[in-house]
Amino acid sequence: MRISYNWIKQFLKIDSSSEQVSEMLTDLGLEVEIVEKYQSVKGGLEGVVVGHVLTCEKHPDADRLKITTVDLGNGTPVQIVCGASNVDAGQKVPVATIGTKLFDKDGNEFEIKKGKIRGQESHGMICAEDELGLGTSHDGIMILDSSLVPGTPAAKVFNIENDEVFEIGLTPNRADAMSHMGVARDLRAALIQKNASLELITPSVSKFKVDKRILKIDVDVKDATLAPRYCGVTISGITIKPSPSWLQNRLKAIGLTPKNNVIDVTNYVLHELGQPLHAFDASKINGKVTVKTVEAGTKFVTLDDVERTLHEEDLLICDDKGPMCLAGVFGGKNSGVTENTTAIFLESAYFNPVTIRKTAKRHTLSTDASFRFERGIDPSITEYALKRAALLIQEVAGGEITSDVIDIYPKKIEDFTVFLNYEKAFKLIGQELPKETIKKIVASLDIKVNNSSDAGLGLIIPSYRVDVQREVDVIEEILRVYGYNNISFSKKLNATVAKSSRTEDYKVQNIVAAQLNSFGFHEMMANSLTTPEYTQLSEMLKEEYNVTMLNPLSNDLSTMRQSLLFSGLEAISYNINRRNSDLKLFEFGKSYRKLLSGYNEKKHLTLFITGNRSNESWTSAQKPTDFFLFKGYVNSILSRLGFDKTTNLPVKSDFFAEGVAIGMGNDVLVELGTVKKSILKHFDIKQEVFYAEFNWDLVIKLLSNKIKFTAIPKYPEVRRDFALLVDTAVTFDSIYNVARQTEKSLLKDINLFDVYEGKNLPEGKKSYAVSFTIQDATKTLTDVQIDKIMSKLQHNFETELGASLR
């Protein structure tokens with residue numbers, strides 16, 4: 001939200017710097033993200049002065065050029081070559097002096113320099129209005145008032161507006177601050193805390209009066225719950241034209257484009273007071289104005305020339321012929337103000353916030369009006385804002401008030417009542433504030449004290465503070481105005497040690513994340529909202545399983561994801577399109593499904609690898625990532641978590657062109673493989689992508705809290721090697737199993753360290769070099785014991801595998 005400092009000064013007579021105001025607003029919770037300078041004319045006409053043309057003669061070498069002598073008020077006239085046909089001696093003209101920076105129609109800056117034109121020196125430029133940014137005419141130079149003094153800065157002559165604009169990151173709960181008056185109201189509370197005596201100066205509407213009662217338009221509100229308050233008045237005899245410069249400057253400063261005087265006034269009051277208004281061309285209203293819903297399927301063309309199909313819950317402003325406006329959201333094409341409008345019906349209303357939000361989201365329309373209505377505006381200023389706008393329209397467009405103000409307000413929206421307990425406030429704040437300070441703060445926020453006691457305050461909260469309805473909300477208001485930075489804290493540090501399981505989800509998650517980081521993976525966090533179209537990419541993901549949003553931001557974010565695969569592929573596609581094609585990504589996230597029995601929510605860990613194993617280097621050739629490297633990463637995670645006795649199972653997911661599942665028993669811990677090309681094609685990914693999906697809920701469930709400790713052996717281990725000559729069909733797995741069956745207690749490790757096949761060996765034979773590590777945890781082994789074990793191993797290899805020693 002953009003807030004003009006000059007506009008704020010209309011409400012508060014302050015002279016603080018923009019930096020000081022920014023700091024105060026940020027401390028109040030209205031975080032100022034940036035402060036920008038605004039000038040009604042770019043560059044502020046700095047360096048442009050009034051010049052007096054003393055002489056004007058024809059250029060000797062150019063028919064269309066003239067040589068002038070101009071007095072710039074500094075006592076030394078300068079020569080300027082000018083090509084304008086209307087320049088003449090005796091004129092007062094705007095002159096851009098040497099070093100002045102001007103801007104062309106595209107906003108590009110250029111500097112006025114001393115130069116020669118057809119051999120004649122020129123010390124500046126006599127300007128046309130488009131060259132100064134004061135208009136679009138380039139018919140000739142500007143002729144100024146003859147009474148002006150040479151040397152007078154042009155910024156003073158043309159009353160250039162210089163302003164500073166605060167960009168405020170407004171949180172959704174602060175509906176009361178969605179206007180200049182609201183921000184000024186908060187700023188006043190902060191200044192009162194600094195002992196500044198300030199009044200909030202609100203625009204007066206005392207001059208509002210009915211001139212003639214000649215154009216009455218009846219209003220009928222069908223449902224007061226949808227439109228609790230509705231006001232209107234007619235203004236006749238107006239002239240539609242461009243707004244005066246002061247009004248245009250106010251709107252331009254906050255980023256709005258002026259339209260015409262009537263529309264600009266409604267926008268001005270919207271941003272001044274926070275009350276949206278709408279002006280209808282009175283001549284286009286047939287019969288009375290009716291606020292109601294219409295039948296589903298009714299067609300309606302809005303101001304943007306889009307034909308919209310209405311919902312039965314959409315609230316509309318209608319006449320006897322049909323809809324004229326989507327209430328609180330957007331006007332209709334056939335009832336708006338045009339250059340031919342001479343009379344208007346001006347509307348000011350308070351609409352139900354939920355109804356407006358649903359309509360805005362349903363039709364994907366977001367306007368300044370709906371932004372305020374759906375968050376909750378002040379119902380008490382509806383009539384006041386209407387009168388304020390009517391007076392401004394009379395000021396800038398002429399006309400007369402030609403009807404009484406219609407104010408349909410059957411049930412007044414009451415202020416909230418809250419009791420503030422001092423002790424609870426001190427406990428939450430963490431410091432005991434003086435009770436008088438608390439009373440001063442609540443008073444500065446327009447919160448009335450209904451009753452007071454030693455225990456606390458009975459408070460009446462103004463209805464526009466829709467975010468302050470509980471005691472804790474009042475305490476938050478007191479704290480933010482008092483200042484979080486002003487709360488003292490103890491230097492003593494208190495800490496507690498929480499007892500928690502070593503297999504707590506977040507602990508295991510941190511362990512695995514750290515391990516993956518060490519492998520070069522980057523963690524990603526994707527949105528759980530996605531497009532329903534992804535269900536078409538897999539037979540496992542059915543549309544009826546989708547968990548859909550009631551009020552989606554867009555169709556692309558209308559469904560909770562059934563799988564984490566597609567959000568990961570979106571990230572991969574995004575990176576590849578930006579020339580970052582070697583990726584290792586992982587994500588902890590949830591998938592969501594709607595079932596007959598309710599909703600199902602599962603947590604997963606997903607891994608993605610694509611591209612080359614390492615960065616390009618002159619020392620080694622690039623090698624693409626393969627399935628076995630990826631499986632190694634997956635197995636290392638399982639091993640780190642203690643899942644050593646796993647089995648390979650068939651993969652069930654249809655995401656994979658080929659893959660494998662790893663589980664314990666019949667429980668699948670993880671599925672991994674190569675993503676189908678048909679799925680990759682949807683994301684315009686042309687390189688191979690490996691994907692793994694852990695069932696994280698099952699991983700956490702199967703983890704054991706028991707820690708097994710084994711003492712470090714005190715006695716040495718012994719290694720013995722065999723070079724075994726075996727048939728080519730014999731595998732190392734066979735040797736391993738025979739060895740384990742032969743000696744179960746003392747044999748600690750079996751390792752294959754060499755394989756040989758070739759000459760000097762009998763045909764059909766191969767040589768395995770195998771090491772055996774033997775150790776007794778209770779004593780030192782003797783040679784006799786070791787030789788006995790090795791003899792048993794040799795015998796069993798010979799009898800069961802047909803092996804022999806080389």
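Salt bridges number 39 in this structure, which is a predicted model. Side chains of opposite charge can pair when their charged atoms come close. Three of these pairs are described here in turn.

D176 and R174 are joined through their side chains by a salt bridge, with N and O 2.9 Å apart. Buried residues have under 20% relative accessible area. D176 has a relative accessibility of 6%, so D176 counts as buried. R174 has a relative accessible area of 4% and is therefore buried.

A salt bridge also connects D304 with R308. Here the closest N and O atoms are 2.7 Å apart. The burial of these residues is as follows. D304 has a relative accessibility of 33%, so D304 counts as partly exposed. R308, in contrast, has a relative accessible area of 10% and is buried.

In the third pair, the side chains of R465 and D467 meet, at 3.0 Å from N to O. R465 and D467 are both buried.

Some of these residues belong to a wider arrangement. A network of salt bridges links R174, D176, D186, R465, D467, E477 and R480. The network thus takes in R174 and D176 along with R465 and D467.

Aromatic pairs were sought across the whole structure, and 24 were found. In one of them, F280 and F345, the ring centres are 6.3 Å apart and the planes stand at 35°, so the pair is tilted. F280 belongs to strand 15 (residues 277-281), and F345 belongs to strand 22 (residues 343-350). The pair therefore ties together parts that are 65 residues apart in sequence. Both rings belong to buried residues, F280 and F345.

The rings of Y534 and F566 meet in another way. Their centres are 5.0 Å apart and their planes are at 25°, so this pair is stacked. Distant parts of the chain are linked here too, 32 residues apart. Y534 sits in the loop between strand 29 (529-530) and strand 30 (547-548). F566 sits in helix 15 (residues 565-576). Y534 and F566 are both buried. Y534 and F566 also share one aromatic cluster with F608, F655, F656, F683 and Y691.

Charged groups sit over aromatic rings as well. The charged end of R185 lies over the ring of Y464, at 4.0 Å from the ring centre. R719 places its charged end over the ring of F753, and the distance to the ring centre is 5.2 Å.

A loop residue, T100, was examined individually. T100 is found in the loop that runs between strand 6 (92-96) and strand 7 (101-103). With a relative accessible area of 3%, T100 is buried. Neighbours within four places in sequence were set aside when the contacts of T100 were listed. The remaining contacts are with E46, G47, V48, F110, E111 and I112. For G47, a specific approach can be described: the side chain of T100 reaches the backbone oxygen of G47 at 3.0 Å. G255 provides a further point of reference for T100. T100 and G255 are 155 residues apart in sequence. In space, their C-alpha atoms are 26 Å apart.

Terms used. Residues are numbered from 1 along each chain as its sequence is written. This is a predicted model: local features need pLDDT of at least 70, side-chain atom pairs count only at pLDDT 80 or more; totals for chains, interfaces and linings use all residues. Side-chain values use heavy atoms; hydrogens and water are left out. A salt bridge is a side-chain nitrogen of Lys or Arg within 4 Å of a carboxyl oxygen of Asp or Glu. Buried means under 20% relative accessible area, exposed over 50%, partly exposed in between (1.4 Å probe, protein chains only). Rings of Phe, Tyr and Trp (its six-membered ring) pair if their centres lie within 6.5 Å; planes under 30 degrees apart count as stacked, over 60 as edge-to-face and the rest as tilted. Helices (H or I, at least four residues) and strands (E, at least two) are DSSP runs, numbered from the N terminus. A charge sits over a ring if NZ of Lys or CZ of Arg is within 6 Å of the ring centre and within 35 degrees of the ring normal. Contact means heavy atoms within 4.5 Å. A polar contact is a pair of N or O atoms within 3.5 Å; within protein, one must be able to donate a hydrogen and the other to accept it, and residues adjacent in sequence count only if both atoms are side-chain atoms.
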